Amino acid sequence: MKIKNIALLLAATVIANLSYAATIRVVTTTQDTRSITELIGGNKVDVFAIATGYQNPHFVDPKPSYIIKLSSADMYVTLGLDLEAGWSPSLLTSSRNTKIQRGSDGYVDASVGVALLQVPSSINRAEGDIHIFGNPHYWLDPENGKIIARNIATGLERVSPENKAYFEANLKTFNEQIDSRIKAWSAAMAPFKGTKIIAYHNEWVYFETRFGLHIVDFMEPKPGIPPTPSQLVKIIKEVKENNIKIIITSPYFSTASSDVVSKQTGVKTLTMATSVGAFDSVKNYYDLFDYDIKMITAALK
Amino acid sequence: MNIKHILLFILLFAAVTVQAQSKKQTKAQIDSAKADSIMLQKIQAEMSQPETPAAPQARAAASANPDISVIGDFRGLYRSYGKHNFDAVLNEAEFSFQSVIDPYARADFFYSVEEDPKTGKFSGEVEEGYLTTLALPYNLQLKAGRFKQSLGRINLVHPHALPFIDMPDVYVNFFGEEGLKGDGFSASWLLPNPAFFQELTFEATAVDPESPLFERSDANNFLYLAHLRNFWDLSANSTIEFGFTGVTGENIFGNRSNIGALDFTYKWKPVQFNTYKQFTFQNEFYYSHAHQVGNNIVNALGFYSMIYTQVGKRTFLAGRYDYSNSPFSNTFVQQSGSLTLGWEATEFQKIEIEAKYTTMNQPMAQYNNEQNFSSAFLRWIFVIGSHGAHRY
């Protein structure tokens, strides 16, 4: 009896280990690509995301503990451009994992094929934190979510070609979901087309373009430069002149400066979700837009 | 015949145009009730078209060159002894070139030009120039070239990235202002420990001849180093790191010196507001066992303990206590306390001021034979180009 139990336990362990070995281990730089990888990879993937959803993706500390995850990963998904330039390359080098280095089958740049906005014609840091390839916050347009999903599916198919049909089926479902949801999101936002708003940091251009908002100014005088008193005076004037109702910001920025503007003008500060996991209710990529659109429409009504 | 055709054509065109216009008017009148929904559709159609996107291929061009940057380190210095006790120097201009070589390796070069405050003349050297493999099996990585060695915590960090201006006394007395560096090989192994990060490094080098302790040997006596780095996440916001280092090599007396080092760092940095708040408690202990002339053995030690905290969005404060023997005299004791206030304009520019008080139990010629003295430093760091990330 005992021997039987031990044998069963051993068999179960072996099976569990085999099934884990068959699972594709994916490390993503952010929670949004984690969510999309899970939606495409389904039960074939085990995904770990480095940045949390309430963290500024520009400033992630390259902790050595992430190297452990990267060293055993089969696939690495980066948002690319220069968004993670401050931390992703050093982690990749330290991982000693050939499967996920740039150019390897397991390296996925989610930005490939995305039509970028705000591509600078010249690079001048006097303009603040300028991104040389264009604004990197492209996942905030759900249409771009489909391109990200395509890139991730292609990566998964390179790593695990035997599951191609499975990934393609999930990709199709994802695209259908996005298409039908975009209709609903756009309809919800349609009454507010052209509505003027203020944003804290220049990270909403894709969302703004997709859903027809009009960001007239930023709390930061230049990208990456904290709000100055003269900028606050300018914002207060703009809010009053344009009858602006909301300032949108992200969980990782202090609201101290927008609170000052609120006191002076009555404008509302909305802390929006810039990524999956920004708030407990934002569990996946669809929730991200559900949450933000609900916030904005409720505030603008 | 021709005129007839032309007239017919004109009549036909006029009729079609009139009919189209009247249709438009009628349609507009009939569909007036549906105008809102048409407008809605138009808005939706407009919104589904992204605004003047850039061609995706435009981004490939910028990545052909290595990442190049220049870091300026301008300093103002004051000390409470000597006739000439103020100085202003471009302490260092560091030129870095970093890139992946091929699928198997990457290269990092740092060329440093330093100014001698006495003469105002500059001298340049390859501070570091090494290759790092990317494709070795079994979690191994090899480094070859000239590099800063895996000793403790601060030795691997370039001075401009440290939160204080002058280096700790024990570090200067044992290894020199530039720290421990040499030419050779470094092999590191990421231990297969899923619970926490462990990295074991072995290095064999011909040491930098500027080292005050070790000698670049005339014989085949290289410097050997072993370093074990251990790192835990205590929580999402706090981490702890322990490191052990052992070094052995030929000292300036032509005999052997052994160094044992221990480093301990606690960091707290809230993930959500990591650009606003942080706290670090960092310590390094060094123990030296030196065989001198006539096999006379001297055991000496030294350490520093530092607290570093962010006091504002762009303001930082670091306090440090130093204790140090000389590696060849444990009767010599040097102690100091320092406070550094830093202001970071952006990731590419910071200004720091440091005040330091030093006391020694024996006079030293290099400090004008003063046993107690004060010093103050101003440092302005400025970076152009794409300087990469620093080690955590």
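Here is a short chat about the cores, the chain contact and one loop residue of this predicted model.

Colleague: How should I read the numbering and the confidence limits?

Modeller: Residues count from 1 along each chain as its sequence is written, while chains are lettered from A and ligands numbered from 1 in the order in which they are written. In this predicted model, local features need pLDDT of at least 70 and side-chain atom pairs need pLDDT 80 or more, but totals for chains, interfaces and linings use all residues.

Colleague: Why is N221(B) called partly exposed?

Modeller: A residue is buried with 20 or more other C-beta atoms (placed from the backbone) within 10 Å of its own, exposed with 12 or fewer, and partly exposed in between. N221(B) has 19 such neighbours, so it counts as partly exposed. It sits in the loop between β7 (197-207) and β8 of chain B; strands here are DSSP E runs of at least two residues, and helices are H or I runs of at least four, numbered from the N terminus.

Colleague: What does N221(B) touch beyond four places in sequence?

Modeller: G249(B) and E250(B), where contact means C-beta atoms, placed from the backbone, within 7 Å.

Colleague: How do you know that the largest nonpolar core lies between two domains?

Modeller: Such a core joins buried Ala, Val, Leu, Ile, Met, Phe, Trp, Tyr and Cys residues through C-beta atoms within 7 Å. This one has 83 residues, and helix α6 (residues 164-189) of chain A gives the most, with 7. Domain 1 (2-183) and domain 2 (185-300) of chain A both contribute, so the core lies between them; the bounds come from an automatic or database assignment.

Methods: Contact = placed C-beta atoms within 7 Å.
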